[in-house]
Amino acid sequence: MTAPNDKTLLDTLLDRDGVRLTVDDAVATVTLTNPAKRNAQSPALWRALTEAGRLLPGSVRVVVLRGEGQSFSAGLDRQAFTPEGFEGEPSFIDLARGSDEALDAEISAYQSAFTWWRRNDIVSIAAVQGHAIGAGFQLALACDLRVCAEDVQFAMRETSLGLVPDLGGTQPLVSLVGYARALEICATGRFVRAAEAERTGLANLVVPAGELDGAVHDLAAAILAAPRDAVVETKALLRGAAGRTYDEQRVAERAAQGRRLRDLAGVGE
């Protein structure tokens with residue numbers, strides 16, 4: 001039993017529906033906590049992930065996403081594919097029979113669990129081991145960076161099931177590996193293992209499974225060593241680069257650097 005004044009208890013801001021959020025100063029950790037089901041996902045889990053994003057204190061600079069057990073996340077819980085679906089939730093059949101507006105709103109709510117990880121004020125790191133399939137792959141892709149164990153197996157299985165990846169994973173996948181490889185990965189549903197993930201940029205770093213937590217800790221520490229405002233400005237520059245021309249990007253760089261220089265010099269706008 002944990003003592004009531006234990007620091008880990010005080011820093012646990014959320015623990016429900018397969019998601020736990022803990023905060024240690026500038027680092028928050030979001031943990032998927034259903035290893036018995038390989039951290040399979042559900043609408044309730046997605047709502048908890050969305051809430052975790054809302055609950056982040058302003059002091060947090062790095063968010064680590066991890067899964068308990070041998071798998072990061074095996075994707076959508078198979079119960080979603082039954083006629084009954086999840087208790088208290090609309091089934092896929094119910095959604096299909098509804099209006100276009102209702103269907104769009106429901107999927108948009110699901111996507112909210114996957115969108116906040118790229119906020120400019122944080123850097124998110126997915127610590128990925130074992131299976132990261134379908135929604136699990138898309139959740140890893142939602143993060144800025146991915147540190148992977150040597151046993152990692154990514155796969156985008158939605159197309160094989162007659163569906164499409166709809167949880168925000170397609171844009172970062174294309175950005176990382178290019179259109180042709182992204183199409184091949186999605187259309188075939190094949191596994192992408194550690195060596196390919198590192199070679200193609202899906203993984204920033206691959207380490208033995210026993211070293212995963214240590215590697216993530218070291219990466220978070222390196223990010224925290226830089227001044228926060230400089231990291232925030234740099235992330236915003238890089239995120240917007242793909243949508244700008246070269247000259248537009250240079251203008252954005254000058255504006256960002258001007259803000260940093262004025263701030264460092266203590267000169268107001």
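**Reading the labels in this predicted model**

Q: How do the axes of helix 10 and helix 11 sit relative to each other in this predicted model?
A: The axes of helix 10 (residues 228–241) and helix 11 (residues 246–265) come within 10 Å, crossing at roughly 170°.

Q: What makes helix 10 roughly antiparallel to helix 11?
A: It's the angle: roughly 170° is set against a cut-off of over 145 degrees for roughly antiparallel. That is why helix 10 counts as roughly antiparallel to helix 11.

Q: Which residues make the contact, and what classes do they fall into?
A: From helix 10 come Asp229, Ala230, Glu233, Leu237, Gly240 and Ala241. Helix 11 brings Gln249, Ala252, Glu253, Ala256, Arg259, Arg260 and Asp263. Sorted by class, that gives five nonpolar, two polar and six charged residues.

Q: How many disulfides does a search of the whole structure find?
A: Zero. Take Cys143: the nearest cysteine sulfur belongs to Cys148 and is 11 Å away, while a disulfide needs the two sulfur atoms within 2.5 Å. Cys143 is therefore in no disulfide.

Q: Why is there no bond for the sulfur of Cys186?
A: The closest cysteine sulfur, in Cys148, is 17 Å away, and that's too far for a bond.

Q: Why are Cys143 and Cys186 called buried?
A: Buried means under 20% relative accessible area. Cys143 comes in at 0% and Cys186 at 11%, so the label fits both.

Q: Why is one side of strand 6 and of strand 9 left without a neighbour in the sheet?
A: Three strands form an open sheet here, in the order 6-8-9, with mixed pairing. Strand 6 (131–133) and strand 9 (192–193) stand at the edges with a single partner strand each, so one side of each has no neighbour in the sheet.

Q: How do you know that strand 6 and strand 8 pair?
A: Pairing takes at least two bridges, and strand 6 has three with strand 8 (residues 153–155), in the parallel sense. As for who faces whom, Ile133 stands opposite Ala155 in strand 8.

Q: What packs on this sheet, touching strand 6 and strand 8?
A: That's helix 5 (residues 135–142), whose direction makes about 95° with that of strand 6.

Q: What makes strand 4 largely enclosed by the rest of the structure?
A: Five of its six residues (62–67) are buried, so the strand is largely enclosed. Strand 3 (residues 27–32) runs parallel to strand 4, and six bridges join them. Within that pairing, Thr29 has Val64 of strand 4 as its bridge partner.

Q: Why is Thr50 called buried, while Ala209 is called partly exposed?
A: Under 20% is buried, over 50% is exposed, and partly exposed is in between. Thr50 has a relative accessible area of 11%, so it counts as buried. Ala209 has 49%, so it counts as partly exposed.

Q: Where are Thr50 and Ala209 found, and what do they touch?
A: Thr50 has its place in helix 2 (residues 43–55). Leaving out residues up to four places away in sequence, Thr50 touches Ser112, Ala113 and Trp116. Ala209 is in the loop between strand 10 (205–207) and helix 9 (212–224). With the same residues left out, Ala209 touches Ala149 and Glu150.

Conventions: Residues numbered from 1 in each chain as written. Predicted model: local features only at pLDDT ≥ 70, side-chain atom pairs only at ≥ 80, totals over all residues. Heavy atoms only, no water. Axes fitted to C-alpha atoms, helices over the stretch in contact; angles between N-to-C directions. Helix = DSSP H or I, 4+ residues; strand = E, 2+ residues; numbered from the N terminus. Parallel < 35°, antiparallel > 145°, perpendicular 65-115°, else oblique. Contact = heavy atoms within 4.5 Å. Nonpolar A, V, L, I, M, F, W, Y, C, P; charged D, E, K, R; others polar. Buried < 20%, exposed > 50% of the residue type's maximum accessible area, 1.4 Å probe, protein only.
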